[in-house]
Amino acid sequence: MTEEMKIAQEKRIQAEKRAAGKLYCPGVFLEEMFWARDKCLELDNIPYAEFDRRVKLIHELFGSVGKNVFVERGFKCEQGKNIHVGDNFYCNFNCTIYDSYTVTIGNNVMIGPNVTICTATHPVEKALRLDPNQSEYAKPVTICDNVWIGGGVFINPGVTIGEGAVIASGAVVTKDVPANTLAAGVPAAVKKNINNE
């Protein structure tokens with residue numbers, strides 16, 4: 001077995017562990033991480049006037065992209081290819097998507113400035129956390145259609161934000177948010193229902 005084949009096999013093994021909700025070694029994905037960081041730097045340096053070039057790079061970076069997608073400067077991500085966005089996606093300044101695992105974003109989603117979406121987490125037990133061969137868990141994040149995420153929001157691993165929901169600025173989302181609700185606070189809690197009829 002060649003070295004390339006061994007690396008590919010190890011990536012498959014770690015990806016299967018990640019998908020099963022088990023501890024895995026994120027270090028095997030360094031090549032993908034560095035590639036994504038370089039693409040984010042490249043995106044930052046494309047002038048806004050070169051709109052088509054910016055869109056083309058977003059298509060290269062993300063796993064899938066809908067129509068009418070715009071990402072402002074300061075965007076950072078972990079691997080890029082785990083991010084899937086629908087139509088009419090707007091991402092404001094300084095957004096970080098830590099896409100160790102899948103981040104699915106629906107249609108007509110607006111993300112405010114300085115938002116962090118995180119799929120990665122670590123064990124609380126020190127011995128496990130310090131073991132480089134199994135130091136991370138990852139849980140997918142889903143943001144459904146017609147969601148507005150306010151500035152400075154932090155979305156934790158494993159969260160689903162329901163259709164038509166609004167997350168108030170500064171909220172820390174630690175659990176699922178039902179459709180058509182406004183969630184706010186630390187940790188975020190539902191404050192009211194929204195009539196989206």
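This note goes through the overall fold, the helix α1 and the unusual backbone spots of a predicted model.

1. **Overall make-up.** The protein chain holds four helices and 19 strands. Its C-alpha atoms fill a box of roughly 60 × 45 × 25 Å along the principal axes.

2. **Compactness.** The radius of gyration is 17 Å. For 197 residues, a compact globule would come out near 16 Å, so the two values agree.

3. **Burial and surface.** Of the 197 residues, 40% count as buried. The accessible surface of the chain is about 10,100 Å². Carbon and sulfur atoms contribute 55% of that surface.

4. **Contact range.** Take the contacts in the protein chain with a separation of 6 or more. Residues 24 or more positions apart account for 28% of them.

5. **Helix α1, geometry.** This helix covers residues 3-19, which is 17 residues. From first C-alpha to last, α1 reaches 24 Å. That is close to the 24 Å expected at 1.5 Å a residue.

6. **Helix α1, buried face.** The buried residues are K11, Q14 and R18. Seen down the axis of α1, they fall within an arc of 70°, so they line one face of the helix. The spacing fits the general pattern: an α-helix has 3.6 residues a turn, so residues three or four places apart point the same way. The cover over the buried residues of α1 includes α2 (30-44) and β11 (137-138).

7. **Exit from α1.** G21 sits just after α1. Its phi is positive, about 80°.

8. **What to check in the backbone.** Most residues other than glycine have a negative phi, and most peptide bonds are trans. The next points list departures from that pattern.

9. **N146.** This residue has a positive phi of about 65° although it is not a glycine. N146 is in the loop between β12 (141-143) and β13 (148-149). Its relative accessibility is 35%, so N146 counts as partly exposed.

10. **N180.** Here too phi is positive, about 55°, and the residue is not a glycine. N180 is in the loop between β17 (172-173) and β18. With a relative accessible area of 23%, N180 is partly exposed. The cut-off for buried is under 20%, so N180 falls outside that class.

11. **The cis bond.** The peptide bond from V186 to P187 is cis. Its omega is near -5°. P187 lies in the loop between β18 (181-184) and β19 (189-193).

Definitions and conventions
Residues numbered from 1 in each chain as written. Predicted model: local features only at pLDDT ≥ 70, side-chain atom pairs only at ≥ 80, totals over all residues. Heavy atoms only, no water. Helix = DSSP H or I, 4+ residues; strand = E, 2+ residues; numbered from the N terminus. Expected span 1.5 Å × (residues − 1). Buried < 20%, exposed > 50% of the residue type's maximum accessible area, 1.4 Å probe, protein only. Arc of directions from axis to C-beta. Contact = heavy atoms within 4.5 Å. Rg over C-alpha atoms; globule rule 2.2 N^0.38 Å. Areas by Shrake-Rupley, 256 points an atom, 1.4 Å probe, with all protein chains shown as cover.
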